[in-house]
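Q: I would like a close look at a single part of this model, followed outward into its surroundings. Please state the cut-offs behind each term as you go.

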Amino acid sequence: RTEQRDIRKAKLKEKKEQNQNEALLQAIMARNIRLVSEAAGEDEDSASEGLGELILNGLTSENLYGARLSVDDGGRLSWPVLFLYPEYAQSDFISAFHEDSRFIDHLMVMFGETPSWDLEQKYCPDNLEVYFEDDDRSELYRVPPNSTLLQVLQHPRYFVKALTPAFLVCVGSSAFCRNYLRGRKVRQVKPPGPPPPSCSSAWGLAHLNQQDLLLESSGLFLSLWGQAFPALWLGRSCRLPELQPL
């Protein structure tokens, strides 16, 4: 009897997780967010056929950083997000970037103090430029800092890989950034319009709470999406402070 009860519990748990993951997938598709398959050699049609199953499998497990996509009671999504700093081969990971939070809100918290690797102390929120890469066209898109994560994920040329959005960050006025962008086509993402009353920037600030765990890393190589990105745990983790709506 005990064994049968355990089997029933396991099946119920599996069914619950499946329903939750299907709801997450529906939420992603309803937002017109584009997810890409990691499978190599597939054409678009065959990739699309298996994409739903692939994503559902991915939703059941945590990524390499121990975080995964989640939905709150209001039906809003929080994504694990990776910021890459190519100038110093560093990266920051945000385990729960709320889709209605702005990039500048996170950058202000993350660079409220100078990181140990920024010896020139030039990585200040006002100096930073955020980009995402379009691999198919070999183009970069500059992200307005006042954009929310959702607004960028809905861009027609943004594709989420490994269920973990990734962005490049550099100091716009630096020689490194100029050299890094030289010879590459850079497009400007359209600045967001005024947010609706139910989604003000102050409201977005309120979601930078203690669930947003920031992990700093550098050094070794973390392989994601078929590319090598620097990543070595420094052992430092800090929780973002509680921010209240204005």
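In which loop does S174 lie?

A: S174 lies in the loop between β8 (166-171) and α5 (175-181), where helices (H or I, at least four residues) and strands (E, at least two) are DSSP runs numbered from the N terminus. Residues are numbered from 1 along each chain as its sequence is written, and side-chain values use heavy atoms, with hydrogens and water left out. The model is a predicted one, in which local features need pLDDT of at least 70 and side-chain atom pairs count only at pLDDT 80 or more, while totals for chains, interfaces and linings use all residues.

With a relative accessible area of 6%, S174 is buried; buried means under 20% relative accessible area, exposed over 50%, and partly exposed in between, with a 1.4 Å probe and protein chains only. The side chain of S174 reaches the backbone oxygen of V171 at 2.7 Å, a polar contact in the sense of a pair of N or O atoms within 3.5 Å, where within protein one must be able to donate a hydrogen and the other to accept it, and where residues adjacent in sequence count only if both atoms are side-chain atoms. If residues up to four places away in sequence are not counted, S174 touches E87 and K122, contact being defined as heavy atoms within 4.5 Å.

The strand before this loop, β8, also takes part in the nonpolar interior. The largest nonpolar core has 35 residues, and those with the most contacts inside it are W79, F83, F103 and F167; such a core is a set of buried Ala, Val, Leu, Ile, Met, Phe, Trp, Tyr and Cys residues joined through side-chain atoms within 4.5 Å. At least two residues of this core are supplied by each of α1 (2-30), β3 (77-85), β4 (90-98), α3 (103-110), β5 (128-134), β6 (139-143), α4 (149-153) and β8, and the largest share, 5 residues, comes from β3. Apart from this core lies another, of 11 residues, among them A67, A166, L168 and C177.

F83, leaving aside its neighbours within four places in sequence, is in contact with Q90, S91, D92, I94, F97, F103, L107, M110, F167 and V169. Several of these partners recur in α3, where F103, I104, D105, H106, L107 and M110 are buried; because 6 of the 8 residues of α3 are buried, this helix is largely enclosed by the rest of the structure.

The aromatic rings give a further view of the interior. Rings of Phe, Tyr and Trp (its six-membered ring) pair if their centres lie within 6.5 Å, with planes under 30 degrees apart counted as stacked, over 60 as edge-to-face and the rest as tilted, and by this rule the count comes to 16 aromatic pairs. F111 and W117 form an edge-to-face pair, 6.5 Å centre to centre with 85° between the planes, and F111 is buried at 6% relative accessibility, as is W117 at 9%. Y158 and F167, by contrast, form a stacked pair, 5.4 Å centre to centre with 20° between the planes, and both Y158 and F167 are buried. Ring pairs link F83, F97, F103, F132, Y141, Y158 and F167 into a cluster.

A charge also meets a ring in this model, for the charged end of R184 sits over the ring of Y180, 5.3 Å from its centre; the rule requires NZ of Lys or CZ of Arg within 6 Å of the ring centre and within 35 degrees of the ring normal.

Two loop residues deserve a note on backbone geometry. Most residues other than glycine have a negative phi. N32, in the loop between α1 and β1 (34-35), has a positive phi of about 60° although it is not a glycine, and N32 is exposed, with a relative accessible area of 54%. L163, in the loop between β7 (159-160) and β8, has a positive phi of about 55° and is likewise not a glycine, but L163 counts as buried at 15% relative accessibility.

For the protein as a whole, the secondary structure comes to 6 helices and 13 strands, and 43% of the 246 residues count as buried. Of the contacts with a separation of 6 or more, 66% are accounted for by residues 24 or more positions apart.
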